[in-house]
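Visitor: I am new here and would love a tour. Could you show me what we are looking at and tell me what the terms rest on?

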Amino acid sequence: MSAASSASSARAALLARLLAPDQVIVFDGAMGTMLYAKGVFINQCYDELVLRAPDMVREIHAAYVKAGAEVIETNTFGANHAKLAHYGLESRVAEINRRAAAVAREAAGADRLVAGAVGPLGVRLEPYGPTSREEARAMFREQMEALAEGGADCFILETFADLEELEQAIGAARDVNASMPVIAQATVGPELRTAYGASPEDVARVLDKWGVDVIGLNCSVGPQTILEAIERMAVVTSKKLSAQPNAGMPREVGGRSMYMASPEYMATYARHLIQAGAKIVGGCCGTTPEHIKAMVEGVRPLAPRSRVTVSVQTGTSTTAAEISGRSPAPLAARSRLGAKLAAGTFVTSVEIVPPRGVDTAKLELDARALAQAGVDAINVPDGPRAQSRMGAIATSLIIERHGIEAVTHYACRDRNLLGMLSDLLGASALGLRNLLLVTGDPPKMGPYPDATAVFDIDAIGLTNLVSQLNRGLDPGRNPIGEPTRFVIGVGVNPAAIDPEHELRRFHWKVEAGAEYAITQPVFDPAQLESFLRRVEGLRIPVIAGIWPLVSARNAEFLANEVPGVTVPDAVLDRMRRASAVSKDHAVAEGIAIAREMLAGVRHSVQGVQVSAPFGKAELAVDVLA
């Protein structure tokens with residue numbers, strides 16, 4: 001393959017990712033901020049610098065490329081006829097835009113995209129100003145034709161407050177090239193309204209109707225406000241969303257406006273934005289290559305099906321090659337549980353919560369009893385409901401001393417990415433093989449509401465991370481030597497309040513590398529059946545959660561205070577009637593209900609996880625018996 005065709009292929013693949021709804025893409029950051037930092041006064045025309053000082057502009061583009069940005073925006077935000085006229089440059093619109101696209105292309109290289117940046121005209125449209133819609137469309141078209149001629153791969157229409165003006169820019173983009181991707185971004189203020197009064201929902205609905213490829217927000221406010229707006233937009237459109245906030249709100253420092261948000265802060269909010277639904281992130285005013293580098297590193301584990309670049313030793317020289325690491329060990333070879341899942345054998349497990357203190361006598365007694373009862377594995381939650389208990393990894397190691405495998409729940413709440421990597425490598429070295437990866441309950445649920453949560457990544461990102469470890473790669477795309485041999489499980493809730501959101505997340509988990517799933521406690525087999533029909537195409541084993549209730553109060557607690565658990569009224573009524581008779585009667589009724597659930601789901605799933613309420617493992621054994 002020639003160098004030219006290879007470059008074309010790389011850009012085509014990235015362009016496809018740009019349009020794919022689930023693929024995460026990182027754009028660059030501010031151009032004006034960087035030019036100002038290099039001593040260019042604000043009374044100059046920044047757009048003209050591509051003619052007067054192209055090396056300076058190219059150097060900034062290159063810094064963003066080095067930081068990991070996948071899309072570079074041209075230095076043309078104000079390069080339209082109306083704005084250039086303030087500098088007497090209106091006759092050079094085409095020249096400036098063509099050259100800006102060419103300079104960006106030179107810096108972007110073969111495997112980055114160039115987005116032709118187009119901002120508002122800076123004039124009012126009729127009936128509130130002298131500029132007609134046709135004149136506005138013509139000015140936008142003049143600029144975009146030159147950007148396309150210069151080598152832009154897509155258009156990004158950004159920082160628009162007037163949706164009617166944005167409509168003309170979209171029309172001009174389609175006039176120039178109907179197949180060229182269009183990213184349309186409005187800007188909102190602290191009150192979550194554009195300057196013309198449109199809400200985030202208004203922006204999303206209108207741009208969806210106008211048929212742009214990506215809908216987004218940028219500038220004016222920091223990441224926290226943009227996050228709130230994206231959350232509101234995500235529920236009214238299925239289009240891909242983009243978010244490019246400022247580095248916080250500007251503050252006056254020594255007579256200068258300074259943007260104070262650190263790279264680490266921006267990286268944290270980039271992850272939050274992706275989790276909220278934005279799949280394109282980048283920066284606007286105040287952001288620098290350092291901010292973009294931190295964002296790239298922070299969002300990498302959240303990118304499903306992202307290919308990994310590592311160094312491959314070939315003879316005496318080292319070359320860069322896009323590979324996906326080594327092939328994982330066969331599922332059947334990783335653990336006894338993995339072998340049963342691979343063979344399609346029905347598996348049984350019991351969930352035991354780790355002890356609150358250091359006394360493990362009861363834990364070990366239960367482990368021996370469950371092993372003798374023929375249970376396949378013991379599930380070990382990781383700080384459920386944000387309570388402080390012995391660590392799941394240490395608890396699992398104690399359990400496995402007694403001849404039964406553990407399924408170690410591992411939550412994202414308490415560790416940053418580096419801590420997770422350290423834990424997982426250590427767990428693998430110590431022989432733990434079975435994982436259930438969860439996001440984790442927030443601290444405010446537990447007895448320590450002021451504790452700080454980390455949430456560097458969520459369960460989807462963690463699944464991606466562990467899947468890469470099984471291929472011998474760390475999150476930084478570096479080889480770790482011998483791959484881990486984890487059996488990767490995830491949670492799923494068939495009774496979720498928002499079933500469509502739960503289905504999307506489950507799809508992404510499977511796409512990220514999940515190999516089996518355990519459901520929240522099932523109290524309605526028909527509901528589980530309906531859910532399984534909707535996910536049957538994913539073809540990974542599903543293990544049903546079963547919870548033996550012990551009292552009406554226990555049932556009501558699960559129904560009202562445990563996230564993700566739904567207890568039907570019929571079950572609540574049965575437990576209330578039984579509890580009115582006696583405690584023993586209530587326990588017996590709870591076991592009877594659990595056995596009914598097990599019988600009702602057994603033909604549809606590949607196993608069950610039975611909880612041991614209040615640490616009573618014997619109740620779980622009674623259900624399985």
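Guide: Here are some questions and answers about its rings, its sheet and one of its helices. Please keep in mind that this is a predicted model.

Visitor: What makes Phe140 and Phe160 a tilted pair?

Guide: Rings pair if their centres lie within 6.5 Å, and planes between the cut-offs of 30 and 60 degrees count as tilted. The centres of Phe140 and Phe160 are 5.9 Å apart and their planes stand at 50°, so this is a tilted pair. Three aromatic pairs are counted by this rule.

Visitor: Why do you say that this pair ties parts together?

Guide: Phe140 belongs to helix α7 and Phe160 to strand β4, so the pair ties together parts that are 20 residues apart in sequence. Both Phe140 and Phe160 are buried.

Visitor: How do you know that Phe506 and Phe531 are a tilted pair too?

Guide: Their centres are 6.1 Å apart and the angle between the planes is 40°. Set against the limits of 6.5 Å for pairing and of 30 and 60 degrees for tilted planes, these values make Phe506 and Phe531 a tilted aromatic pair. Phe506 sits in helix α18 and Phe531 in helix α19, 25 residues apart, and the pair links distant parts of the chain. Phe506 and Phe531 are both buried.

Visitor: What makes you say that the charged end of Arg602 sits over the ring of Phe346?

Guide: One part of the rule asks for CZ of Arg within 6 Å of the ring centre. For Arg602 the distance to the centre of the Phe346 ring is 4.1 Å. Likewise, Arg415 lies over the face of Tyr410, 4.3 Å from the ring centre.

Visitor: Why are β1 and β2 called edge strands?

Guide: The open sheet has eight strands with parallel pairing, in the order β1-β10-β7-β6-β5-β4-β3-β2. β1 and β2 each pair on one side only, and that makes them the edge strands.

Visitor: How do you know that β5 and β6 pair?

Guide: Pairing needs at least two bridges, and four bridges join β5 to β6, which run parallel. Within this pairing, Ala186 stands opposite Leu217 in β6.

Visitor: Which strands does helix α11 lie across?

Guide: Helix α11 lies across β7 and β10, and runs at about 145° to β10.

Visitor: Which residues of helix α15 are buried, and what do they pack against?

Guide: The buried residues of α15 are Ala392, Ile393, Thr395, Ser396, Ile398 and Ile399. They pack against α14, β14, β15 and α16.

Conventions: Residues numbered from 1 in each chain as written. Predicted model: local features only at pLDDT ≥ 70, side-chain atom pairs only at ≥ 80, totals over all residues. Heavy atoms only, no water. Buried < 20%, exposed > 50% of the residue type's maximum accessible area, 1.4 Å probe, protein only. Helix = DSSP H or I, 4+ residues; strand = E, 2+ residues; numbered from the N terminus. Contact = heavy atoms within 4.5 Å. Phe/Tyr/Trp six-rings, centres within 6.5 Å; stacked < 30°, edge-to-face > 60°. Lys NZ or Arg CZ within 6 Å of the ring centre and 35° of its normal. Axes fitted to C-alpha atoms, helices over the stretch in contact; angles between N-to-C directions.
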